[in-house]
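Here are my notes on the model you sent over. Have it open alongside, and shout if any point is unclear.

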Amino acid sequence: MKKILIGGNYYDIKVGDEIIFNYNGESYSSKILEIKHENIRVKYRAQEKWISFSDVKKIF
């Protein structure tokens with residue numbers, strides 16, 4: 001489990017959590033597949049991509 005800063009508040013995240021994130025200037029949602037250091041692996045348009053913690057907008 002990792003802590004992530006969103007909008008001035010810290011949230012706990014773990015593999016399997018649903019998030020909304022920015023990628024190429026658009027918003028997408030995905031489950032977290034893996035967390036490494038300050039990066040999160042998500043599924044984006046049927047491909048797995050790495051995003052940074054700063055790209056996350058919301059956690060469900």
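**Notes on the model**

1. Let's start with the charged cluster: Glu34, Lys36, Arg41 and Glu48 are joined in a salt-bridge network, a salt bridge being a side-chain nitrogen of Lys or Arg within 4 Å of a carboxyl oxygen of Asp or Glu. Before going further, note that this is a predicted model, where local features need pLDDT of at least 70 and side-chain atom pairs count only at pLDDT 80 or more, while totals for chains, interfaces and linings use all residues. Residues are numbered from 1 along each chain as its sequence is written, and side-chain values use heavy atoms, with hydrogens and water left out.

2. How does the network hang together, pair by pair? Arginine 41 has two partners here: glutamate 34, with N to O at 3.0 Å, and glutamate 48, with N to O at 2.2 Å. Glutamate 34 also bridges to lysine 36, where the closest N and O atoms are 3.7 Å apart. Across the whole structure, the search turns up five salt bridges.

3. Which member of the network counts as buried at 19% relative accessibility? That is arginine 41, with buried meaning under 20% relative accessible area, exposed over 50% and partly exposed in between (1.4 Å probe, protein chains only). Its partners glutamate 34, at 22%, and glutamate 48, at 45%, are partly exposed. Lysine 36 is partly exposed too, at 43%.

4. On the overall fold, the protein has eight strands and zero helices, so reading from the N terminus gives β-β-β-β-β-β-β-β. The assignments are DSSP runs numbered from the N terminus: helices are H or I with at least four residues, strands are E with at least two.

5. For the global numbers, the radius of gyration is 10 Å, which agrees with the value near 10 Å for a compact globule of 60 residues. That radius is taken over C-alpha atoms, and the globule rule is 2.2 Å times the number of residues to the power 0.38. The C-alpha trace spans about 30 × 20 × 20 Å along its principal axes. Accessible surface comes to about 4,100 Å², with 47% of it belonging to carbon and sulfur atoms; areas come from the Shrake-Rupley method with a 1.4 Å probe, and for residues only the protein chains shown count as cover. Buried residues make up 30% of the 60.

6. Now the inside. Nonpolar side chains tend to be buried together in soluble globular proteins. Here the largest nonpolar core has 15 residues, and Ile4, Ile13, Ile19, Phe21, Ile40, Ile51 and Val56 touch the most other members. The elements giving two or more residues to this core are β1 (2-6), β3 (18-23) and β6 (39-44). A core in this sense is a set of buried Ala, Val, Leu, Ile, Met, Phe, Trp, Tyr and Cys residues joined through side-chain atoms within 4.5 Å.

7. Take isoleucine 4 from that group. Leaving aside neighbours within four places in sequence, isoleucine 4 is in contact (heavy atoms within 4.5 Å) with Asn9, Tyr10, Tyr11, Ile13, Ile40, Phe53, Val56 and Ile59. For the protein as a whole, among contacts between residues at least 6 apart in sequence, 32% join residues at least 24 apart.

8. One more pair is worth a look. Aspartate 17 sits in the loop between β2 (9-13) and β3, and is buried at 11% relative accessible area. A polar atom of the aspartate 17 side chain lies 3.0 Å from the backbone nitrogen of lysine 14. Beyond four places in sequence, the contacts of aspartate 17 include Ser30, Lys31 and Ile59.

9. Serine 30, in strand β4 (residues 26-31), is buried as well, at 6%. The serine 30 side chain reaches the backbone nitrogen of lysine 43 at 3.1 Å. Between aspartate 17 and serine 30, the C-alpha atoms are 8.4 Å apart, with 13 residues separating the two along the chain.

Key:
Polar contact = N/O pair within 3.5 Å; in protein donor to acceptor, adjacent residues only side chain to side chain.
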